[in-house]
Amino acid sequence: MTGIETKPVTWIENAWYVAAWDYEIDRQPLARTICGTPMMFYRKLDRSVVAMRDACPHRLLPLSLGIREGDSIRCKYHGLKLGPDGVAEEMPLTSEKVNTRICAETYVTHERYRFVWVWVGEKALADLSSIPDLSPCDDEGWVHDGGYYHVACDYRLMVDNLMDLTHETHVHSGSIGQPEIMEATLESRTEGDVVYLSRWMPDIDAPPFWRGALKKDGNVDRWQICKFQLPSAVMIDVGVAPVGAGATLEHHDQGVRGMVIDFMTPETHSSHHYFWGMARNFDIDDAGFTARFRTQQGGVFSEDKEILEAQQRSIAANPGLKLNAYSIDQGGVRARRVIGAAIRQQNETAS
């Protein structure tokens with residue numbers, strides 16, 4: 001796929017990426033650059049999603065500035081009208097015969113887990129079974145919600161961040177961080193192209209958020225299980241259970257549990273779209289809590305955004321230095337290896 005940058009590709013091209021939350025796309029076009037390619041998205045009258053290159057094939061004005069007419073889009077510059085399949089339906093001079101060889105590139109989309117996914121790469125290779133498994137986002141007994149941030153850093157820095165929750169102690173000290181995170185032993189493994197990083201914290205004081213979720217005082221057993229999936233998803237199984245309830249790292253439904261959902265969609269080599277949220281199995285019918293928690297979670301992730309954007313600026317300002325990996329970075333290191341192997345494979349296939 002041809003992008004807007006000439007640097008070596010740092011992302012997987014034949015893959016599904018989250019383009020937007022379901023609530024972000026409506027009848028008016030939404031412009032969003034995905035993996036270096038400007039795209040625009042809108043819903044047809046039947047509410048299915050159209051994804052099209054955000055450039056009129058005439059003079060390259062962004063089609064996201066265009067005028068919606070039924071399921072079609074009319075360029076706001078000279079009025080070329082394109083159907084949802086990207087093919088010309090009406091010429092700028094309406095007296096002219098329509099040239100159907102004029103078209104804008106379109107992309108395959110699908111909705112699942114409340115996300116709108118777009119296939120980046122060869123259309124013929126789009127396979128719905130390869131959409132990352134984000135269960136339990138649509139499981140009975142769970143509720144799922146979240147938000148979006150544009151983050152000015154390489155998407156892999158966010159993967160590093162999410163696969164190393166040691167940072168919670170300092171970055172998120174007022175909500176989910178606590179010193180015990182620094183003391184717990186880490187266990188990591190790679191199974192195929194999936195990476196796991198686990199931390200078990202027995203008999204500790206619950207941090208503020210989890211004490212409120214459990215609705216009781218007293219020490220708890222706490223767990224964090226990070227899971228990285230290609231092309232750029234991180235799911236984090238988190239929660240607490242009262243000490244003595246029988247929770248283990250392998251089986252832990254005795255207390256309150258959440259599944260933090262993170263999908264990092266590359267925009268450029270130094271920016272990405274960050275889709276964050278959490279599925280939870282507690283207070284699932286409390287819409288007010290869902291809204292309040294979304295705001296609270298957004299505050300937590302804004303702290304990550306601040307740190308990672310500063311890190312990206314520092315990387316650019318120190319071209320002679322490189323990132324170093326310590327024992328706490330083992331999850332991120334494994335994830336980068338998986339990403340790197342997939343990119344090398346796609347490059348070998350293309351050559």
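This is a walk through the pockets, cores, salt bridges and cavities of one protein structure. The model is predicted, so please keep that in mind as you look around.

Let us begin with the open spaces. The largest pocket holds about 650 Å³ of space. Its lining is made up of 28 residues, and those closest to the pocket's centre are Ile12, Glu13, Asn14, Ala15 and Gln346. If you want to find this place by its elements, look for strand E1 (15–21) and helix H6 (330–350), each of which gives at least two residues to the lining. Helix H6 makes the largest contribution to the lining of the largest pocket, with 7 residues. By character, the lining of this pocket comprises 15 nonpolar, 8 polar and 5 charged residues.

Now turn to the second largest pocket, where the space comes to about 540 Å³. Here 17 residues form the lining, and Asp160, Asp164, Gln311, Asn324 and Asp329 are the closest to the centre. Helix H6 appears again, together with helix H1 (155–162) and helix H5 (287–317), as the elements that provide two or more residues of the lining of the second largest pocket. This lining contains 8 nonpolar, 5 polar and 4 charged residues.

From here, go to Thr10, which sits in the segment before E1. Is Thr10 buried or exposed? Thr10 counts as buried because its relative accessibility is 13%, and the cut-off for buried is under 20%. Setting aside neighbours within four places in sequence, the residues in contact with Thr10 are Tyr155, Arg156, His269, Ile339 and Ile343.

Next comes the nonpolar interior. The largest nonpolar core has 78 residues, and the members that touch the most others are Tyr17, Phe41, Phe115, Trp117, Val118, Leu134 and Phe228. Strand E1 gives the largest share of this core, 7 residues. To see the surroundings of one core member, pick out Phe115. Beyond the residues up to four places away in sequence, Phe115 touches Val18, Ala20, Trp21, Asp22, His110, Leu134, His144, Ile261 and Phe275. There is also a second, separate core of 13 residues, with Leu63, Ile73, Ala88 and Ala104 among them.

The charged side chains tell another part of the story. Side chains of opposite charge can pair when their charged atoms come close. How many salt bridges does a search of the whole structure find? The search finds 19 salt bridges. One of them joins Asp145 and Arg114, whose closest N and O atoms are 3.2 Å apart. Asp145 belongs to strand E12 (residues 143–151), while Arg114 is in the loop between strand E10 (109–112) and strand E11 (115–120), so this pair ties together parts that lie 31 residues apart in sequence. The two partners can also be described by their accessibility. Asp145 counts as buried at 16% relative accessibility, whereas Arg114, at 29%, counts as partly exposed.

Two further salt bridges are worth a look. Arg189 and Glu191 meet through their side chains at 2.7 Å, N to O. Arg189 counts as partly exposed at 39% relative accessibility, and Glu191 counts as partly exposed at 43%. The side chains of Arg211 and Asp205 also meet in a salt bridge, at 3.3 Å, N to O. Arg211 is partly exposed, with a relative accessible area of 28%, and Asp205 is partly exposed, with 42%. Elsewhere, salt bridges with shared partners connect Asp22, Arg114, Asp145 and Arg294 into one network.

The last stop is enclosed space. A search of the whole structure finds 2 cavities of 30 Å³ or more. The second largest cavity has a volume of about 30 Å³. Which residues line the second largest cavity? They are Asp145, Gly146, Met278, Arg280, Thr290, Phe293 and Arg294. You have already met Asp145 and Arg294 as members of the salt-bridge network. Strand E12, strand E18 (271–280) and helix H5 each give at least two residues to the lining of this cavity, and helix H5 provides the largest share, 3 residues. The lining of the second largest cavity consists of 2 nonpolar, 2 polar and 3 charged residues.

Technical notes
Residues numbered from 1 in each chain as written. Predicted model: local features only at pLDDT ≥ 70, side-chain atom pairs only at ≥ 80, totals over all residues. Heavy atoms only, no water. 1 Å grid on protein atoms, 1.4 Å probe; cavity = no way out; pocket = protein on both sides within 12 Å on 5 of 7 lines; lining within 4 Å. Points joined across faces, edges and corners; volume = space filled by probe spheres on them. Helix = DSSP H or I, 4+ residues; strand = E, 2+ residues; numbered from the N terminus. Nonpolar A, V, L, I, M, F, W, Y, C, P; charged D, E, K, R; others polar. Salt bridge = Lys/Arg side-chain N within 4 Å of Asp/Glu carboxyl O. Buried < 20%, exposed > 50% of the residue type's maximum accessible area, 1.4 Å probe, protein only. Contact = heavy atoms within 4.5 Å. Core = buried A, V, L, I, M, F, W, Y, C linked by side-chain atoms within 4.5 Å.
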